[in-house]
Amino acid sequence: MKIDLTDTTSSKINKALVQGRRAIGTPAVGMVLTLVIVTDEENAYDALKAANEASREHPSRTLVVIKRVSRSPRDRAKARLDAEVRVGADAGTGETVILRLHGEVIDHAQSVVLPLLLPDAPVVVWWPVNAPTDPASDPLGALGQRRVTDTYNAEDPIRELAARADAYTPGDTDLSWTRITPWRSMLAAALDQVVCEVTSAEVEGEEFNPSVELLAMWLADRLGVPVRRSGSKGPGLTAVRLATNCGPIVLDRPDALLATLSVQGQPDRAVALKRRETAELIAEELRRLDPDDTYASALRFGVDRLGQREAEAEDIAPSGSAASSGESDASGDSDTSGESGESGESSAGTVKKTTSKKATARKAATK
């Protein structure tokens, strides 16, 4: 069921929601959270489609905030709110309200959204594109317990990662980080199967892909060893190679669908590691509403080493490193012990530090 409202108010939208629920015979509110999507017209369809698919797992009230750009000074001075209310089959398993803001009301979007939030329910704010530099300080971001951005869609993803680290507030997260959850789980499981010391690592993937950078920073933070980042044609991440004193551990995914896990002394294993859709990513983020300390630690650890030159990398990387020359280094000291992990991953957030004496000496030399 769809209800169109032109030049309306938040109060009328709430009444339309009640009217819609009664019309389809479900007067009770069965949603578990409010998902606020802040986007533009170009990306609204894809974001709403992903949210509707995720609502099968997380029934929610979805508020899509679209700030319409006015062309003339007269239109910019006139405030207007248009809304489209969807309930029942048109809104997945929850409720959807599409809010189009015109004129001066654009600068006060939070005053429109606040009366529409579900009472006593968590709020998650998601920017599919054009996220603010500091999501927690944004008027809409301040309404949420969790704030989801996606550096993959930024014009300069690497610079965006640095900005995310500088402005990080507990509750912030990034879909570029969510994309590497299967990789982190698989690498942690592989290390749990062997009793070896990791001496270095290499992460291979597309250039300017923030997920490649985040995985490299996570490994360097958790293992305390030099980590190289090398380029490939992709798509996305293509390989991770860990050098250990028991032989190499390699996770190779050349086709974005199936990966091969190779551990010294064990037969190669095929692993399903396909690239996931946005709906799966946002559904994973909605499973947890507490701060992701593992993400925060990895982000803060490596951001000052992004784009580091080869000469600086050579001072840290050991001779005979698995990486080729010409790639930057993401190693260094970590001040975090790494006890915190991500929900649903018993091992991914708790990889043991296996720094050898040589690695310790190298890090001490770089302080």
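**View 1. The 12 helices and 14 strands of the protein****.** In this predicted model, local features need pLDDT of at least 70 and side-chain atom pairs count only at pLDDT 80 or more, while totals for chains, interfaces and linings use all residues. Residues are numbered from 1 along each chain as its sequence is written, and side-chain values use heavy atoms, with hydrogens and water left out. Helices (H or I, at least four residues) and strands (E, at least two) are DSSP runs, numbered from the N terminus. Of the 367 residues, 53% count as buried, where buried means under 20% relative accessible area, exposed means over 50% and partly exposed lies in between, with a 1.4 Å probe and protein chains only. Among contacts with a separation of 6 or more, 73% join residues that are 24 or more positions apart, a contact being heavy atoms within 4.5 Å.

**View 2. An open sheet of 8 strands****.** The strands follow the order 1-4-5-3-2-6-7-8, and their pairing is mixed; two strands pair if DSSP finds at least two bridges between them. Strand 1 (2-5) and strand 8 (172-174) stand at the edges, and because each has a single partner strand, one side of each is left without a neighbour in the sheet. Neighbouring strands of this sheet are turned by 15° against each other on average, direction ignored. Strands of a sheet pair through backbone hydrogen bonds, either parallel or antiparallel.

**View 3. Strand 1 beside strand 4, with helix 1 lying across both****.** Strand 1 and strand 4 (residues 80-87) pair in the antiparallel sense over 4 bridges, and here Asp 4 stands opposite Glu 84 of strand 4. Helix 1 (residues 10-23) lies across strand 1, strand 3 (60-67), strand 4 and strand 5 (95-102), and runs at about 15° to strand 4; axes are lines fitted to C-alpha atoms, for helices over the stretch in contact, and angles run from 0 to 180 degrees between N-to-C directions.

**View 4. Pro 132 in the loop between strand 6 and strand 7****.** This loop joins strand 6 (123-126) to strand 7 (146-149), and Pro 132 counts as buried because its relative accessible area is 17%. Leaving aside neighbours within four places in sequence, Pro 132 is in contact with Trp 127, Asp 138 and Arg 164. The C-alpha atoms of Pro 132 and Thr 149, which are 17 residues apart along the chain, are separated by 8.9 Å.

**View 5. Helix 9, which is mostly covered****.** In helix 9 (residues 278-286), 7 of the 9 residues are buried, including Leu 281, Ile 282, Glu 284 and Glu 285.
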